[in-house]
Amino acid sequence: MPLVKPNARAVVIPPLSRPKSRAFPLAAKDGERLLRVLAESLLIRRRGQLSLWLQGEIQRFLPHQILISAWGDFPKWNLKVDVISGLPGALTGQLAHCGIDSFLKELFARWIGAGRKPLVVPAADAFKEFGGCSCAAHDALRGLRAVLVHGVRDERGCYDSLYIALHSRSFTQRQPKGGYNDLVDLLVTQIDAAFRRVAASRFADTTAEKLGDDWLDVSPREHEVLDAMCRGKTNAEIGLALNISPFTVKNHVRRILKKLGCGNRAHAAAKYSRAPQEARQAHPEIAQQANASPPGWRA
């Protein structure tokens, strides 16, 4: 028996309207690179993998030396911030300690004003909000010349995720003349998905935040290496997480042992782990400062 009677009036359901297809005028090799970038993003589960991916072939399309991620309720300024960087000094903890609130507010407002489209901001305009801070993190940021801002709007959660890429050269150099904004939109969407699968850097829990970067003349990068050593990480694992070679990690470890007056890694890690408690006992005001969160930030 037919499901529809012969004389019954047919109901035609119109097809859903589809967005215009995105066409990226890429050379064959660049097309292959882009497919690898997208495929590799799906495999990211750890922070080290995220750092390695961001320093890989994605640099061909979205070059950056520092990538700042800020997400949460921007109108209420209830944010979390994370930084992926291969530059010494440009660390999540350092930026949280000194603050880049005005910098983030300015770029977020510009992105909203541009209709939430990819936006290249002149470095002079982006960095005018930094004020007179001369810490290592701000010095590293000032040394860069190109700032690209884009984000992802979560309509279900009603919050935004903002990504700020910084580099010493132009983002559009060697890029296709047409469709670059669509390409950036595609890549930032993949970056956002990858970030969501990785735990954020918990700057408030690091020993560096409790001691300060001037502790025994230990540099911000050496603080990172020491934190990793305390968690039992090998030189290869530390290098992968910090985007540096195991040989560079080995040199950092050698300098750390000399500064701390320790004969081996275990002794240095133990001394570093005890340092916050000893500092609180010697200087009670340090404990009060450690419990205070920088304005506009959430751990």
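Q: What does contact mean here?
A: Contact means heavy atoms within 4.5 Å.

Q: Which model is this, predicted or not predicted?
A: This is a predicted model; local features need pLDDT of at least 70, side-chain atom pairs count only at pLDDT 80 or more, and totals for chains, interfaces and linings use all residues. Residues are numbered from 1 along each chain as its sequence is written, and side-chain values use heavy atoms, with hydrogens and water left out.

Q: OK, how many helices and strands does the chain have?
A: There are 13 helices and five strands. These are DSSP runs numbered from the N terminus (helices H or I, at least four residues; strands E, at least two).

Q: What order do the strands of the sheet take?
A: The order is β2-β1-β5-β4-β3. The sheet is open, and its pairing is antiparallel. Two strands pair if DSSP finds at least two bridges between them.

Q: And which are the edge strands?
A: They are β2 (78-85) and β3 (119-122), each pairing on one side only. From one strand to the next, the twist averages 20°.

Q: Does anything pack on the sheet? Which strands does helix α2 touch?
A: Helix α2 (residues 47-54) touches β1 (66-73) and β2. The direction of α2 makes about 60° with that of β2. Angles run from 0 to 180 degrees between N-to-C directions, and axes are lines fitted to C-alpha atoms, for helices over the stretch in contact.

Q: What about helix α4, which strands does it lie across?
A: Helix α4 (residues 101-113) lies across β1, β2, β3, β4 and β5 (159-167). It runs at about 105° to β5.

Q: Back to β1 and β2. How many bridges do they pair over?
A: Eight, in the antiparallel sense. One bridge joins leucine 67 to isoleucine 84 in β2. The two strands form a hairpin with four residues between them. In that turn, tryptophan 77 has a positive phi of about 55°.

Q: Why is β2 largely enclosed?
A: Six of its eight residues are buried, so the rest of the structure largely encloses β2. Buried means under 20% relative accessible area (1.4 Å probe, protein chains only).

Q: And the other edge? How many bridges link β3 and β4?
A: Four, with β3 and β4 (residues 146-154) antiparallel. Valine 120 has leucine 148 of β4 as its bridge partner.

Q: New topic: at what angle do α10 and α11 pack?
A: At about 105°, with axes 8 Å apart. Helix α10 spans residues 235-242 and helix α11 residues 246-260. So α10 is roughly perpendicular to α11 (65 to 115 degrees).

Q: Which residues of α10 and α11 make the contact?
A: Asn235, Ala236, Ile238 and Gly239 come from α10; Pro246, Val249, Lys250 and Val253 come from α11.

Definitions and conventions:
Angles under 35 degrees count as roughly parallel, over 145 as roughly antiparallel, 65 to 115 as roughly perpendicular and the rest as oblique. Buried means under 20% relative accessible area, exposed over 50%, partly exposed in between (1.4 Å probe, protein chains only).
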